[in-house]
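User: I'm new to this structure and would like a close look at a single part of it. Could you walk me through the aromatic rings and how they pair up?

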Amino acid sequence: MSLRNGEIKVICDSATEHIGFRWTTVGVPVSATIDSAWMSIFITTSGNDEPQHQLRGQLAADPTTFTTTSNDIDARSRTTATVNWDSTDLGSGTSEEWQWGSAAGSPTAWANINTIIQEIVNQGTWAQDNALVLICEQHTDGATRDLAIRTYEANTIYGAKLHIEYTAGGA
């Protein structure tokens, strides 16, 4: 299953960034085993392609939409599972698609984020076609380690993508 996000919220406070991605109608059934998963984003310029960020999920079975309320992203509970993306000068072009965790020069060498998705799906209240939120957090104070991305709201072809492969579980 591949999804393009319908909503993104970006919060930058001084040197740190918090970016929320929300997908609706995620068709992963209850009791599924997440075999592999990846997320991709579109980076705006080569001047903002130095990620030192971690990706986590919102630990909620059907997370609400983002709001303009102060600390809307920060107040959301997080998964314990994380996947870091630490790279310098990826060498991205304008509006180039990069999969989370890829190394410089290799935009499709993705990191498996299945542990994050599995933790969300394993909640007792998860239901097929719920919404799912992933949160990207800069984990450095380095102002030069920025990751600027395009958003779905600005142009739907640049929406972040979420790809999940799973094995159905249960009886």
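Analyst: Here's a walk through the aromatic pairs, with a short stop at a strand afterwards. Keep in mind that this is a predicted model.

The structure has 3 aromatic pairs. Let's start with F21 and W23: their ring centres sit 6.1 Å apart and their planes meet at 20 degrees, and since planes under 30 degrees apart count as stacked, this pair is stacked. Are these two residues buried or exposed? F21 has a relative accessibility of 1%, so F21 counts as buried. W23 is buried too, with a relative accessible area of 0%.

Another of the pairs is F42 with Y158, and this one is edge-to-face: the centres are 5.3 Å apart, with 70 degrees between the planes. What does this pair link? It brings together distant parts of the chain, as F42 belongs to strand β4 (residues 33-43) and Y158 to the loop between β8 (130-138) and β9 (161-167), 116 residues apart. F42 is buried, at 8% relative accessible area, and the cut-off for that is under 20%.

Now for the strand, β6, which covers residues 83-86. In a regular strand, side chains alternate between the two faces of the sheet. That's how β6 looks: V83 and W85 point to one face and are buried, whereas N84 and D86 point to the other face and are not buried. Strand β6 runs antiparallel to β5 (residues 52-57), and 4 bridges join the two. V83 turns up here again, as the bridge partner of L55.

Conventions:
Residues are numbered from 1 along each chain as its sequence is written. This is a predicted model: local features need pLDDT of at least 70, side-chain atom pairs count only at pLDDT 80 or more; totals for chains, interfaces and linings use all residues. Side-chain values use heavy atoms; hydrogens and water are left out. Buried means under 20% relative accessible area, exposed over 50%, partly exposed in between (1.4 Å probe, protein chains only). Two strands pair if DSSP finds at least two bridges between them. Rings of Phe, Tyr and Trp (its six-membered ring) pair if their centres lie within 6.5 Å; planes under 30 degrees apart count as stacked, over 60 as edge-to-face and the rest as tilted.
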